[in-house]
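Reader: I have the sequence and the model open side by side. Can we go through them by question and answer?

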Amino acid sequence: MIWIAWKMLIGNRGKYLGIVLGIAFASLLIAQQGSIFCGLMLLTTSQIQDVKGADIWVMDRNVQFIDDIKPLSEDDLYRVRGVSAVDWAVRFYKGLARARLENGNFQQVIMLGLDDGTLVGAPTEMVAGKLEDLFQPDALIVDENGYHQLWPQQPIKIGQVFEMNDRRGVIVGVCKASRTFQTFPIVYARYSLATLYAPMERKVMSFVLAQGKPGVPAEFACQAITKQTGLLALTREQFMWKTIMYYMNNTGIPVNFGITVMLGFIVGTAIAGQTFYLFTVENIKQFGALKAMGTSNPRIVGMVLFQALQVGVIGYCLGIGAAATFGAMTKSASKLAFYMPWWILLVTGGAVLVMIFLSSLLSIRKVLVVEPAIVFK
Amino acid sequence: MTPAPATLDRTKIDAAQAAVSCRGVVKEFGGGHTLVTALRGVDLDVPFGEMTLLVGPSGCGKTTLLSVIAGILDPTRGEVHVLGVDVPRLSGGRKVAFRGKNIGFVFQQYNLLPALTAAENVAVPLMIGGVSRNAAVAKALTLLPKVGLANRMNSLPSQLSGGEQQRVAIARALIHEPRFLVCDEPTAALDAENGHKILELMHEVAVSPTRAVVIVTHDNRIFSFGDRIATMEDGRIVNVESKK
């Protein structure tokens, strides 16, 4: 009977394609918008991801996300170093600075100050220049996207100069870095230099980057730091989630994306449900004939559910494929944030299941109430 | 009281016994001011080995009676025994199984599945009965030549004429070797020549000593094919004429 259901379904190609495309469109919209949302949320954590070599971020207790800087005192650094579970701890500066270019233009930049001795948190992939050149006077490293933002349509060249806070800075290297949520260029400097470029404040240290002793889990070290110093210590993953949750709870981004996803779901359900119902109505005499010839109601329901499941699976695969293709194409060709984790596939699959279940409800009711006697009319 | 079996042990059925026996069958639709009485106490016996025509003007209750004796509608009152089984008393599932195993259907509008070939359409009742697709289609391929469609086995219904579609429907009704065949206006959608051919074919392949055939028709051109003609008027059998 499953085979008959399948033949009935593909026998009406117009309706079949209509239902499949309805579900594919909804899947595409849910997966694509979900992935863009994930990509966007991931952008908010790009600087946390880019800091390699330190598993623990220590900050003021009231920090809510990566850009919510509440400076620490130098004492705090030493207190962290005094925790027995901590192997080492270094300064890390993060702030905004205003760069004045040679042509007179101003550009806001994200200034990252790395520990003068160790350069912990430095970029891992250089496009031009060497990381060690950061030890030179007034040396700065800028990320590749930022370079093209500061000097549009110019080839990458070492030695470019600009001013920040009336101090000269020289580009000694260009590196790869994750794109930022604010889209500002990222400028790396030694900590001592970065604090000079930044507007003067009494306390300037944004974070302490730390590493637990060998064999000590990062979570345990974090708890020890928090307990002993009263500061907030988080693992990289914890800090990423804290930042993401801040944006989720305090911005309209999830609501906006949620509305689009919901619209995709509703439109997909409406298109698929209506077309599927029309398909069933069109075949109602055939269903009636099958019932007259001895097909039981559970088997008829099974046929309808199989038909719904089949169009659901095909529509889902097409939609996910289209979303993934879209992501692959736009990721390299545009600035669109796109990240498709495995659970987006799961969520979309769940949404499609609900969609086809709702779509098939009306059809199931229709085939259940149809009297086999309809075949004699 | 032991409930009647859903399927029959055919060896126990006396061929002389009426295939269908209706006593005082009443069928009402609706209720109150909208009550419609379609059958008003029908008494009818349909014997094995004969083609019984159920004739009468439109609206006299022919199709309702056919639905009742085919186990599709339950009578409001009265008794209906089909192949010795009190069909209205069967549970829903057993009734469906009884229909699937023992009754063949030929419909006025053929009701072939448009996406299936002629052979696949013929195989449907066997597949409903649980036979594998390959085995069912293989049997259908042996049956189609008997209804003159040896060359149209792989044609879709849309590629067949009305007469050919009705031949497919007849083969479909017979493939599971039912003991009771019900046909609703099988010639209504056909011209006179094709109508005659279809009735000749049914006489040839469907009528047998162990099978009963009931045909509902108002097509007086085919009355001559009936072994027994039961005439209905206003929900009652008013005359039964037998040629034997």
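Reader: Which residues of helix H1 (residues 2-11) of chain A are buried?
Author: This is a predicted model. In H1(A), the buried residues sit on the same side of the helix, because they cover an arc of only 135° around the axis. They are A:Ile4, A:Ala5, A:Met8 and A:Leu9.

Reader: What does H1(A) give to the side of chain A that touches chain B?
Author: In the contact between the chains, 20 residues of chain A meet 24 residues of chain B. On the chain A side, H1 and helix H10 (284-292) each supply at least two residues. H1(A) gives the most, with 6 residues.

Reader: By class, how many residues of the side of chain A that touches chain B are nonpolar, polar and charged?
Author: The count concerns the 20 residues of chain A that are in contact with chain B. By class, that side has 13 nonpolar, 5 polar and 2 charged residues.

Reader: Against which elements of chain A do the buried residues of helix H7 pack?
Author: H7(A) covers residues 218-229 and reaches 16 Å from its first C-alpha to its last, close to the 16 Å expected for its 12 residues. Its buried residues are A:Ala218, A:Ala221, A:Cys222, A:Ile225 and A:Thr229. They lie on the same side of H7(A), because their arc around the axis is only 105°. In chain A they pack against strand S1 (56-59), helix H4 (74-81), strand S2 (86-101), strand S9 (207-212) and strand S10 (232-235).

Reader: Which residue just after H7(A) takes a positive phi?
Author: H7(A) runs over residues 218-229. Just after the helix, phi is positive, about 80°, at A:Gly230.

Reader: Turning to chain B, which strands stand at the edges of the sheet S2-S1-S4-S5?
Author: This open sheet of 4 strands has antiparallel pairing. Within the sheet, 8 bridges join S1 (residues 20-29) to S2 in chain B, and B:Val20 stands opposite B:Val46. An edge strand has a single partner, so one of its sides is left without a neighbour in the sheet. In chain B, this applies to strand S2 (36-46) and strand S5 (85-86).

Reader: What is the strand order of the sheet of 6 strands in chain B?
Author: The sheet is open and its pairing is mixed. Its edge strands are S6 (103-106) and S10 (236-242) of chain B, each pairing on one side only. S6(B) runs parallel to S7(B), joined by 4 bridges, whereas S9(B) and S10(B) run antiparallel with 6 bridges. The order in chain B is S6-S7-S8-S3-S9-S10.

Reader: At about what angle does the direction of H1(B) stand to that of S8(B)?
Author: Helix H1 (residues 62-69) of chain B lies across S1, S2 and strand S4 (77-82) of chain B, at about 120° to S1(B). H1(B) also packs on the sheet of 6 strands. There the helix touches S3, S7, S8 and S9 of chain B. Its direction makes an angle with that of S8(B) of about 155°.

Reader: Which residue in the turn between S9(B) and S10(B) has a positive phi?
Author: The two strands form a hairpin with 2 residues between them. In this pair, B:Glu233 has B:Arg236 as its bridge partner. The positive phi in the turn is about 50°, and the residue is B:Asp234.

How values were computed:
Residues are numbered from 1 along each chain as its sequence is written. Chains are lettered from A and ligands numbered from 1 in the order in which they are written. This is a predicted model: local features need pLDDT of at least 70, side-chain atom pairs count only at pLDDT 80 or more; totals for chains, interfaces and linings use all residues. The expected span of a helix is 1.5 Å times one less than its number of residues. A residue is buried if 20 or more other C-beta atoms lie within 10 Å of its own, exposed if 12 or fewer, and partly exposed in between; C-beta atoms are placed from the backbone. The arc is that of the directions from the helix axis to the C-beta atoms. Two residues are in contact if their C-beta atoms, placed from the backbone, lie within 7 Å. Ala, Val, Leu, Ile, Met, Phe, Trp, Tyr, Cys and Pro count as nonpolar, Asp, Glu, Lys and Arg as charged, and the others, Gly among them, as polar. Two strands pair if DSSP finds at least two bridges between them. Axes are lines fitted to C-alpha atoms, for helices over the stretch in contact, and angles run from 0 to 180 degrees between N-to-C directions.
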